[in-house]
Amino acid sequence: MKGDFIAETFIFDNLHFERIEKLKTFAKINGPRLEMTHSQALEFTSKLAGFKNFAEANKTLTSSQVPRRYEVYLSATHHVSSDEEIWSTAIRVRLSRPLDQLIKARHYSFNRSLRVFMRVASDHLELGTVCPEASTAMIELAHAARTLQFMDATGLVPATPTLISPTDKACPDLRITVDEALPGSDHGSRWFHQKSRRYIDLDEPYADSVSHLHQARQDWAERNDWSVVKVNWGGIYFPERIKEVYLITHNKLGYPVARILPTLNQMPSPITETNCDLAYSDKIRFKSPAQHARDISPFEHKASSQSGKAVATSTYYGAPIERPEGKLPTEVHQELGRVLLSINEAARTNQFKLELDIVLNLLSEWASEEEEGEDDDGRVRLPPKSFCYKRSQNLPTTNYINFLCREEMADALIGVKKFLKVGYRDCDSLRYVLTKLDSSMNTLLK
């Protein structure tokens with residue numbers, strides 16, 4: 001009974017309690033099943049919730065002055081200059097909210113620093129490309145860490161990339177028009193506040209490129225009824241060199257600068273390669289605490305001897321989606337990823353892109369489960385199949401398929417369905433993906 005309970009508890013990636021009373025109640029109810037005394041159950045439950053012991057949990061949850069921080073790990077694989085070995089490196093970022101509350105699955109592809117990462121656990125993002133050296137990996141990890149740092153402080157999420165920002169001579173809201181692009185704008189990123197459904201932009205030009213354009217930028221803002229406000233924070237793109245960071249928003253329809261400016265001005269220094277919290281560096285692929293906890297649970301990887309049953313579980317949009325029985329060769333995954341990414345790149349309908357993103361993310365998770373990930377000695381094994389479905393340097397623009405019409409894209413989706421039907425056994429999760437592909441085709445041909 002004790003082992004069963006432990007396995008059940010580890011199914012939760014981020015078990016946490018808002019108040020100490022809830023932790024005590026959890027321990028009181030489940031203590032008898034654990035065959036532990038109440039004090040032992042309190043210690044065990046506190047560790048499950050991410051604390052060292054009950055004393056730390058009690059101090060943290062009863063003190064309003066000590067907000068809880070959630071640890072998120074960003075990892076990357078890279079070559080070692082001295083030989084051909086592949087190493088894995090990870091850094092740690094502490095956030096005020098769990099990762100899955102901070103950013104939803106559909107938002108990863110909207111941001112240039114996060115789109116090349118794969119969510120492998122509730123506390124772990126892994127870079128989808130192999131870096132040529134450790135310094136390159138650290139640059140990518142620090143860039144993604146700053147993005148999470150910005151999102152955690154502001155409550156904003158990446159905006160849909162099909163929407164055009166004021167730095168591109170237009171703006172996300174069709175009711176707003178500008179006569180020209182913002183002078184000197186560079187390294188812009190678009191952000192969205194979900195509750196108010198308003199947009200705001202971050203502009204990060206090099207200081208020397210806008211030093212003579214301050215008046216021109218202010219004139220542009222007054223002429224178009226926008227606000228261009230400088231931020232006393234290093235920014236996301238390149239804080240070591242960029243000294244000019246601006247918030248840009250429409251005065252009437254944009255997200256108000258005043259709501260996030262004080263927070264940004266008081267933020268700690270941006271995370272960089274030199275000041276980041278290095279958590280891991282070794283030849284064995286990094287696994288986060290949530291991954292280790294998931295490996296303990298027999299419910300997470302359950303082999304099935306019956307026809308058509310799933311062999312593993314993963315989550316997407318908060319609902320369990322089981323991987324069907326069967327495997328596809330790496331070459332097939334590569335071609336399916338190339339076809340789907342090409343279609344997604346060529347399509348112009350936002351609804352279609354969102355539906356196809358769901359398919360891409362689910363196939364990526366299935367491929368990740370198929371890939372063993374490690375050799376017998378535990379060293380990193382590359383390339384993982386799951387990266388075939390990620391937008392990254394693995395698929396340059398020149399490798400995309402040039403579809404001439406929507407009918408050609410629909411025929412290609414039918415071909416993808418045939419491959420999936422042959423490679424996987426029929427089950428609910430496979431039918432879910434096939435239904436999404438059908439829905440995508442219907443949206444495409446409307």
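Setting aside neighbours within four places in sequence, G423 touches E325, G326, K327 and L328 in this predicted model. One of these partners, E325, sits 98 residues away from G423 along the chain, yet their C-alpha atoms are 8.8 Å apart in space. G423 itself belongs to helix α13. With a relative accessibility of 18%, G423 falls under the 20% cut-off and therefore counts as buried.

Helix α13, which spans residues 406-423, also pairs up with helix α11, made of residues 330-346. Two packed helices are described by the angle between their axes and the distance between those axes. Here, the axes of α11 and α13 come within 10 Å and cross at roughly 150°. That crossing angle is over 145°, so α11 and α13 count as roughly antiparallel to each other. As for handedness, the crossing of α11 and α13 is left-handed. On the α11 side, the contact is built from V332, L336, V339, L340, I343 and A346. Helix α13 answers with M409, A412, L413, V416, F419 and L420. Sorted by character, the residues in this contact come out as 12 nonpolar, with no polar and no charged ones.

Turning to helix α8 (residues 214-224), the buried residues are R217, W220, A221 and N224. Viewed down the axis of α8, these buried residues fall within an arc of 95°, so they line one face of the helix. Q215 and E222 lie on the other side of α8, where they are exposed. What do the buried residues of α8 pack against? Their partners are two strands that follow α8 in numbering order, β8 (226-230) and β9 (246-250), along with β7 (198-203) and helix α7 (207-210). Just after α8 comes D225, and this residue takes a positive phi of about 65°.

Now for the chain as a whole. The protein chain carries 14 helices and 12 strands. Its length is 446 residues, and 50% of them count as buried. The contacts can also be sorted by sequence separation: among those between residues at least 6 apart in sequence, 68% join residues at least 24 apart. The pair described at the outset, G423 and E325, has a separation of 98 residues.

Technical notes:
Residues are numbered from 1 along each chain as its sequence is written. This is a predicted model: local features need pLDDT of at least 70, side-chain atom pairs count only at pLDDT 80 or more; totals for chains, interfaces and linings use all residues. Side-chain values use heavy atoms; hydrogens and water are left out. Axes are lines fitted to C-alpha atoms, for helices over the stretch in contact, and angles run from 0 to 180 degrees between N-to-C directions. Helices (H or I, at least four residues) and strands (E, at least two) are DSSP runs, numbered from the N terminus. Angles under 35 degrees count as roughly parallel, over 145 as roughly antiparallel, 65 to 115 as roughly perpendicular and the rest as oblique. A crossing is left-handed if the near helix is turned anticlockwise from the far one by less than a right angle, and right-handed if clockwise. Contact means heavy atoms within 4.5 Å. Ala, Val, Leu, Ile, Met, Phe, Trp, Tyr, Cys and Pro count as nonpolar, Asp, Glu, Lys and Arg as charged, and the others, Gly among them, as polar. Buried means under 20% relative accessible area, exposed over 50%, partly exposed in between (1.4 Å probe, protein chains only). The arc is that of the directions from the helix axis to the C-beta atoms.
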